[in-house]
Amino acid sequence: MPIAECKIADLPKITDPRGNLTFIEGKSHIPFEIKRVYYTYDVPGGSDRGAHAHKNLHQLIIAMSGSFDVVLDDGFEKKRFHLNRSYFGLYVCPMMWRELDNFSSGSVCLVLASELYDPADYYRDYKEFLRDAKAKRGLAEC
Ligand code: TYD
């Protein structure tokens with residue numbers, strides 16, 4: 001899938017003097033049902049995460065606290081997104097290499113995922129990902 005599929009979703013925000021509230025419903029605010037939620041925390045400032053792609057997984061990445069960058073790469077084009085608000089979520093489609101960096105200390109990265117954890121769904125080797133991403137795009141353009 002091309003990188004243009006990956007966009008920052010402006011999530012619903014109920015503002016309230018008691019504290020704001022944001023909600024996310026699968027298949028409504030994001031194009032998938034949510035089967036799994038995970039989050040990274042206690043991330044030391046300056047560390048990097050990610051460096052992998054998924055074959056079939058759809059995700060929404062949110063900076064629940066603090067900020068960080070997500071660099072997406074579809075094998076043809078790269079794009080850097082800065083996340084720093086809990087009411088913005090970056091939708092990441094399958095076949096997208098991602099690297100997360102520039103973490104502020106104390107940041108929390110929340111991920112909503114379309115599938116349960118499956119190590120077989122991962123590309124951890126960039127060259128292997130690139131080969132398959134180019135082959136798939138080539139087939140799609142035939
Ligand atoms: P990993 O995907 O490598 O983290 P990153 O997002 O930084 O690339 O996951 C780190 C470890 O956590 C790895 O041993 C797999 C494990 N893990 C699970 O067991 N379940 C999960 O849902 C996730 C996301 C990771």
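**Exercise 1. Place Leu112 in the fold and describe its surroundings.**

Step 1. Leu112 sits in strand 11, which spans residues 108–113. The model is a predicted one.

Step 2. Check the accessibility. Leu112 has 6% relative accessibility, so it counts as buried. The cut-off for buried is under 20%.

Step 3. Look across to a residue remote in sequence. Leu60 is 52 residues away from Leu112 along the chain, yet their C-alpha atoms are 5.1 Å apart.

Step 4. List the contacts, leaving aside neighbours within four places in sequence. Leu112 touches Ile24, Ile30, Phe32, Ile34, Arg36, Val37, His58, Gln59 and Leu60.

**Exercise 2. Gln59 is on the contact list of Leu112. Determine whether Gln59 is buried or exposed, and find the polar partner of its side chain.**

Step 1. Gln59 belongs to strand 6, residues 59–65.

Step 2. The relative accessibility of Gln59 is 0%, so this residue is buried.

Step 3. The side chain of Gln59 makes a polar contact with the side chain of Tyr38, at 3.0 Å.

Step 4. Beyond four places in sequence, the contacts of Gln59 include Leu90, Tyr91 and Val92. Val111, Leu112 and Ala113 are also among them.

**Exercise 3. Work out the strand order of the open five-stranded sheet, and name its edges.**

Step 1. Start with strand 1, residues 8–10. Three bridges join strand 1 to strand 9 in an antiparallel pair. Asp10 stands opposite Phe88 of strand 9.

Step 2. Move on from strand 9. Strand 6 is joined to strand 9 by four bridges, again antiparallel. Here Ile61 faces Leu90 of strand 9.

Step 3. Take the pair of strands 4 and 11. Five bridges link them in the antiparallel sense. Tyr39 stands opposite Leu110 of strand 11.

Step 4. Assemble the order. The open sheet reads 1-9-6-11-4, with antiparallel pairing. Strand 1 and strand 4 (36–40) are the edges; each has a single partner strand, so one side of each lacks a neighbour in the sheet. From one strand to the next, the twist averages 25°.

Step 5. Check how enclosed strand 9 is. Four of its five residues are buried, so strand 9 is largely enclosed by the rest of the structure.

**Exercise 4. Which residues touch the most other members of the largest nonpolar core, and which elements give two or more residues to this core?**

Step 1. Recall the background. Nonpolar side chains in soluble globular proteins tend to be buried together.

Step 2. The largest core holds 27 residues, and those touching the most other members are Leu60, Ile61, Phe68, Val70 and Leu72.

Step 3. Two or more residues come from each of strand 6, strand 7 (68–73), strand 8 (78–83), strand 9 (88–92) and strand 11.

Step 4. Set the second core apart. It is separate, has six residues, and includes Ala53, Met95, Tyr123 and Phe129.

Step 5. Return to Leu72. Outside four places in sequence, its contacts include Ile3, Phe81, Leu90, Val92 and Trp97.

**Exercise 5. Which residues surround the ligand? Find side chains with a polar atom facing a ligand oxygen atom.**

Step 1. Around the ligand lie Arg36, Tyr38, Arg49, Gly50, His52, Tyr117, Tyr122 and Arg124.

Step 2. Take Arg49. A polar atom of its side chain is 2.7 Å from a ligand oxygen atom.

Step 3. Take Tyr122. An N or O atom in its side chain is 3.0 Å from an oxygen atom of the ligand.

Step 4. Take Arg124. One of its polar side-chain atoms lies 3.1 Å from an oxygen atom of the ligand.

Step 5. Link back to Exercise 2. Tyr38 is one of the residues around the ligand, and its side chain makes the polar contact with Gln59.

Terms used: Residues are numbered from 1 along each chain as its sequence is written. This is a predicted model: local features need pLDDT of at least 70, side-chain atom pairs count only at pLDDT 80 or more; totals for chains, interfaces and linings use all residues. Side-chain values use heavy atoms; hydrogens and water are left out. Buried means under 20% relative accessible area, exposed over 50%, partly exposed in between (1.4 Å probe, protein chains only). A polar contact is a pair of N or O atoms within 3.5 Å; within protein, one must be able to donate a hydrogen and the other to accept it, and residues adjacent in sequence count only if both atoms are side-chain atoms. Contact means heavy atoms within 4.5 Å. A nonpolar core is a set of buried Ala, Val, Leu, Ile, Met, Phe, Trp, Tyr and Cys residues joined through side-chain atoms within 4.5 Å. Two strands pair if DSSP finds at least two bridges between them. Axes are lines fitted to C-alpha atoms, for helices over the stretch in contact, and angles run from 0 to 180 degrees between N-to-C directions. A residue is near a molecule or strand if one of its heavy atoms lies within 4 Å of it.
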